[in-house]
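User: Please take one part of this model and give me a close, connected reading of it. I'd like to start with the loops and then follow whatever they lead to.

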Amino acid sequence: MSTSNGAVLSVEGLKKHFPVSRSLLGRTRQYLKAVDGVSFEIEPGMTYGLVGESGCGKTTTAKLILLLEEPTGGRILFGGEPVSGLKSDGLREYKASVQAVFQDPWASLNPRMRVRNIIGEPLEINTSLTKGEVRSRVAGLLEEVGLAPYQADLFPHEFSGGQRQRIGVARALALNPKLVILDEPVSALDVSIRAQIMNLLKDLQAEHNLSYLLIAHHLATVRHMCDRVGVMYLGRIVEEADTEELYENPLHPYTRALMSAALPSHPDIQRDEIILTGEVPSPLDTPPGCHFHPRCPARFDPCDSVEPVKTEPSSGHRVVCHLYGGA
């Protein structure tokens, strides 16, 4: 499965609708639209960030890419090939090539397994390495993530939170993946440790030419890590741009509100916080027209009845909003 040309991963119109209620005849009457037409690409060596409030569909998107959920619609392409068409060997290669580091390093590590088995398990299952070669590979991976080879004999509870996340990173790297999905990888860690883990991830990316999909809600983490960012609201990407362009020139009213609520990079920076009214609507009952219009401070006539379409006001900067002619 070649990924040498073009995007490592392409997501095209991806949807995941969960049936939640049925009629007396057994027909589905209502769907929860967790992901509703998401599209983006990740190039080799690039970090793409998905950002938005809790419940916007970021983690469900990650689960679809990891094949932990079955898509309702759309396509996932890996190295130009549809993932849905992969058979035994191709599917095994895909699962080895796409790994994940999860939010809670304690919950993602088996407390009854020693570190050498946690990291070595993927190698034992997916490769023909001897036990000695697996031990050597585990020792090398531990050193790569800033731990000592002797720590392979320890259990997860003998490590700090930051060290446990390093073990999770080592496990994700064991099969030499092309893409690593980082689902809130530092949000459960102490503030003093976050920068260390982010810098480790960036160093490993440069060394191995890894691509990352970063799922996050902390905007400072996204700015530090990402090359390109998609802003999600109610299962859809409402704005997408290169990172600095998005942070310097946010276009969608929802993106502007997110940016205004984040801590400034310097205490002397003054800005007005945009307060959004109301709650995020239920994905079971999305508003007509623009899904954001009930909370939008800039709404006008077409917003509550006409669904906006994607426009590109400047090169590579895409937004779904009537303010930019997206009708």
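Analyst: E184 sits in the loop between β7 (179-183) and α6 (191-208); helices here are DSSP runs of H or I with at least four residues, strands are E runs of at least two, and both are numbered from the N terminus. A caveat up front: this is a predicted model, so local features need pLDDT of at least 70 and side-chain atom pairs count only at pLDDT 80 or more, while totals for chains, interfaces and linings use all residues. Numbering runs from 1 along each chain as its sequence is written, and side-chain values use heavy atoms, with hydrogens and water left out.

Back to E184: its phi is positive, about 50 degrees, although it is not a glycine. Most residues other than glycine have a negative phi. E184 is also buried, at a relative accessible area of 10% (buried is under 20%, exposed over 50%, partly exposed in between, with a 1.4 Å probe and protein chains only).

L234 is another one to click on. You'll find it in the loop between β9 (228-233) and β10 (236-242). L234 has a positive phi of about 50 degrees without being a glycine, and it is buried, with a relative accessible area of 4%.

Now for a loop that does hold a glycine: G52, between β3 (47-51) and α1 (58-65). G52 is buried at 3% relative accessible area. If you skip its neighbours within four places in sequence, G52 is in contact (heavy atoms within 4.5 Å) with K58, A216, H217, M232, Y254 and L258. For scale, F18 is 34 residues away from G52 along the chain, and their C-alpha atoms are 20 Å apart.

One of those G52 partners, Y254, takes us inside. Y254 is among the residues with the most contacts in the largest nonpolar core, along with I119, I167, L182, L204, Y212 and M225. That core has 57 residues; a nonpolar core is a set of buried Ala, Val, Leu, Ile, Met, Phe, Trp, Tyr and Cys residues joined through side-chain atoms within 4.5 Å. Beyond four places in sequence, L204 is in contact with E144, V145, V169, L173, N209, L210 and Y212. Apart from the largest core lies another, of 29 residues, including Y48, C56, V83 and L86.

I119 is worth following too, as it is one of the buried residues of α3, with V115, I118, G120, P122 and L123. The buried residues of α3 pack against α4 (131-144) and α5.

Those helices lead to the second largest pocket. α3 (115-126) and α5 (161-173) each give two or more residues to its lining, as do α2 (88-97) and β6 (98-101). A pocket is an open set of points on a 1 Å grid over the protein atoms alone, with protein on both sides within 12 Å along at least five of seven lines, and lining residues have an atom within 4 Å of a point. This one has 21 lining residues, with V98, Q99, A100, F102 and R171 nearest its centre, and a volume of about 470 Å³ (the space filled by 1.4 Å probe spheres set on the points).

Last stop, α2: G90, Y94, A96 and S97 are buried there. They lie on the same side of α2, because they cover an arc of only 165 degrees around the axis, taken from the directions from the helix axis to the C-beta atoms.
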